[in-house]
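User: Could you take a close look at one part of this complex for me, the place where strands from the two chains meet in a shared sheet? I'd love a connected walk through what lies around it.

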Amino acid sequence: MSVLVFAESSEGKFKKSSFELTSYGKKVAEQLGTNLVVLTINATENETLYKYGAEKVLQVTSEVLATFNAKKVANVLKQAAEKENSKVVIVDSNANGLYLAPLVAVNLSAGFASNVMALPSSTSPFTVKRKAFSSKAFNNCKISTDIKVISLSKNSYGVHENEVSGSIEGFSPVIATSNLSSEKIEQTTGKVTIADADIVVSGGRGLKGPENWGMVEDLASILGAATACSKPVSDLGWRPHSEHVGQTGKPVASNLYIAIGISGAIQHLAGINSSKIKVVINTDAEAPFFKAADYGIVGDAFEVVPKLIEKLKEFKANNA
Amino acid sequence: MKILVCISHVPDTTSKVNFTENDTKFDSNGVQFVINPYDEFALTRAMWFKEKQGATVTVVNVGNASTEPTLRKALAIGADDAIRVNIEATDGFAVAKELAEVVKNGSYNLVLAGKESIDYNGGMVPGMLASLLDYNFVNACISLEIDGEKATISREIDGGKEVLSCNLPLIVAGQKGLVEEKDLRIPNMRGIMMARKKPLIVVESINSEAGTISVSFEKPTAKSACKMIDADNVGELVNLLHTEAKVI
């Protein structure tokens with residue numbers, strides 16, 4: 001028996017969420033009294049996973065898999081799970097993870113729970129807590145099949161060191177065929193993405209116009225944060241749609257979310273509920289966002305944000 | 001082109017989320033149910049295929065009789081006919097197996113759905129359905145064009161997008177971008193009248209096996225009140241974020 005984690009990498013390097021998944025997988029394996037196996041594809045720094053508890057790394061190297069194809073990767077995961085007799089398979093909640101997981105579940109005739117936010121509360125029956133109703137509620141659910149597939153909600157468990165002496169084993173699965181071909185990938189270059197960011201700085205209509213986004217970007221760059229915006233702002237064309245967070249936009253599950261000039265409509269809050277700490281800067285003390293926030297400043301963004309940037313610069317200088 | 005659009009029947013975004021029967025069931029008392037917003041993008045895209053490329057559009061829901069008004073709304077928006085699989089939907093895997101039967105029986109070559117429902121946020125039905133049928137599948141789709149048998153699809157990836165292509169049959173799990181919010185349609189009186197006469201067929205379930213069983217619901221613990229910081233003392237915010245919240 002084993003627990004299998006898929007640790008995704010990009011150009012050979014692991015994503016931070018892969019370390020979170022490995023940390024989580026190690027704990028689940030401990031709960032089940034078994035070992036953790038981590039599957040990697042074209043990763044170059046497999047040894048780094050030992051630090052988070054990977055007892056065995058199953059290393060796949062394949063030219064064909066250099067471009068992500070959900071069907072092919074799901075089939076590789078199935079073969080790995082069968083080879084390692086894995087009873088629990090854990091994947092990420094990023095774009096590729098969510099694409100992949102349902103296919104893995106069908107391949108293994110496994111029940112699937114997405115958006116899992118904590119360690120299983122019981123391993124028999126296997127019960128997990130997951131986010132539902134756009135994080136307005138949680139659902140405890142049993143996975144009733146022999147093999148279980150779960151996707152872990154980002155930043156819900158954290159990265160924990162748990163050094164083990166691991167080993168790497170090469171693995172050469174059969175690659176399935178797929179009629180779906182990737183034509184091109186367009187990356188927004190050089191910027192922190194909302195999905196990967198630990199901190200997100202978001203602006204709303206209170207900023208009055210796209211010409212005022214300089215300070216949002218300055219604040220984001222000091223914090224190493226991604227920039228985002230409210231729905232009206234993307235509808236008005238002030239910012240690209242890819243920055244829209246909320247119910248129908250992107251979900252944010254960052255450690256820190258700073259909202260500037262956003263009133264906090266329920267549809268917006270639905271998209272950012274999963275963020276841990278929320279800071280709101282708004283001129284209107286009655287803005288509904290203050291009820292959902294951890295820290296609030298009532299004030300003019302055009303005065304508060306530049307001051308905040310100054311203070312953060314001082315802070316960074318003192319803590320460098 | 002024969003299109004099937006999967007419709008989830010969900011509480012409106014602004015609904016209060018409460019639970020009954022010892023926190024085991026969603027409290028639908030006084031709650032307005034709507035077409036799942038992600039499915040509505042898919043339905044609207046299907047209407048364009050119908051109007052511009054002569055596709056037929058069937059909508060389907062897996063659920064009990066209470067979901068029929070939502071299917072009627074989809075018919076009022078312009079779908080040709082509707083199917084309801086008569087079983088309460090409790091698990092995505094079971095729903096996908098039911099839908100696989102519907103797709104096989106109706107020989108649909110394009111299945112559109114939302115990437116997730118806004119109530120259970122499972123996000124699994126379209127992918128499972130594709131895997132069960134061995135159809136091509138694209139998740140988190142933000143644009144879809146079909147020319148004859150050839151589909152060109154964009155999907156959202158972390159920090160960008162990927163453009164893919166394949167031949168039909170295809171299953172797409174869509175989101176905003178497939179169409180924009182301004183493109184969504186409100187049924188007009190004529191549509192509502194016509195919807196009453198359109199076929200809504202109830203088919204029996206195959207009693208597919210579930211992969212998960214919901215045990216209970218809980219709500220987040222009430223968060224402590226927002227700590228207000230004076231606009232003249234912004235340094236205090238930096239301090240709190242560092243020492244108290246420990247996020248910088």
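Analyst: Let's begin at a single pair of residues: Y295(A) stands opposite K227(B), which belongs to strand β15(B). Please keep in mind throughout that this is a predicted model. The pair sits where strand β18 of chain A, residues 295–298, is joined to β15(B) by three bridges, the two strands running parallel.

Stepping back, these two strands are part of an open sheet of six strands with parallel pairing, in the order β15(A)-β14(A)-β16(A)-β17(A)-β18(A)-β15(B). Which strands stand at the edges? They are β15 (226–229) of chain A and β15 (227–229) of chain B; each has a single partner strand, so one side of each is left without a neighbour in the sheet. On average, neighbouring strands here are turned by 20° against each other, direction ignored.

Helices of chain A pack against this sheet. Helix α4 of chain A (residues 214–223) touches β14 (199–203), β15 and β16 (256–260) of chain A, and its direction makes about 175° with that of β14(A). Helix α8 of chain A, residues 301–318, lies across β16, β17 (277–282) and β18 of chain A, at about 135° to β17(A).

It helps to place this within chain A, which is divided into domain 1 (2–170) and domain 2 (199–318). The centres of these two domains of chain A, taken over C-alpha atoms, are separated by 32 Å. Seven residues from domain 1 of chain A and eight residues from domain 2 of chain A make up the contact between them. On the domain 1 side of chain A, that contact has no nonpolar residues, four polar ones and three charged ones.

There is a second sheet that takes strands from both chains, and it is worth visiting next. Ten strands form this open sheet, with mixed pairing, in the order β13(A)-β11(B)-β10(B)-β9(B)-β12(B)-β8(B)-β1(B)-β6(B)-β7(B)-β13(B). At its edges stand β13 of chain A and β13 (200–204) of chain B, each with a single partner strand, so one side of each is left without a neighbour in the sheet. Neighbouring strands of this ten-stranded sheet are turned by 30° against each other on average, direction ignored.

The link between the chains in this sheet is made by strand β13 of chain A (residues 181–187) and strand β11 of chain B (residues 160–167), which run antiparallel and are joined by six bridges. Along that pairing, S181(A) stands opposite S165(B), while I185(A) has E162(B) as its bridge partner. β13(A) itself is hardly covered, since the count of buried residues among its seven residues is zero.

Moving into chain B, strands β9 (residues 136–147) and β10 (residues 150–157) pair in the antiparallel sense over six bridges. D147(B) has K150(B), in β10(B), as its bridge partner. Helix α1 of chain B (residues 37–53) packs on the sheet, touching β1 (2–6), β6 (56–62), β8 (110–114), β9 and β12 (170–174) of chain B, with its direction at about 145° to that of β8(B). Helix α3 of chain B (residues 92–106) packs on the sheet as well; it touches β1, β6, β7 (81–86) and β8 of chain B, and its direction makes about 150° with that of β6(B).

One residue of chain B gives a contrast with the bare strand β13(A), where the count of buried residues is zero. A130(B), found in helix α4 of chain B (residues 125–133), has 29 other C-beta atoms within 10 Å and is therefore buried. Leaving aside residues up to four places away in sequence, A130(B) touches Y135(B), F137(B) and I171(B).

How many residues of each chain are in contact overall? The count is 71 residues of chain A and 60 residues of chain B. Helix α3 of chain A (residues 95–107) supplies the largest share of chain A's side, eight residues. By class, that side has 34 nonpolar, 25 polar and twelve charged residues.

Finally, a word on confidence. Chain B has a mean pLDDT of 96, and 100% of its residues reach 70 or more. For the complex, the predictor gives an ipTM of 0.94 and a pTM of 0.92.

Technical notes:
Residues numbered from 1 in each chain as written. Chains lettered and ligands numbered in written order. Predicted model: local features only at pLDDT ≥ 70, side-chain atom pairs only at ≥ 80, totals over all residues. Contact = placed C-beta atoms within 7 Å. Helix = DSSP H or I, 4+ residues; strand = E, 2+ residues; numbered from the N terminus. Nonpolar A, V, L, I, M, F, W, Y, C, P; charged D, E, K, R; others polar. Pairing = 2+ DSSP bridges. Axes fitted to C-alpha atoms, helices over the stretch in contact; angles between N-to-C directions. Domains from an automatic or database assignment. Buried ≥ 20, exposed ≤ 12 C-beta atoms within 10 Å, placed from the backbone. pLDDT = per-residue confidence, 0-100.
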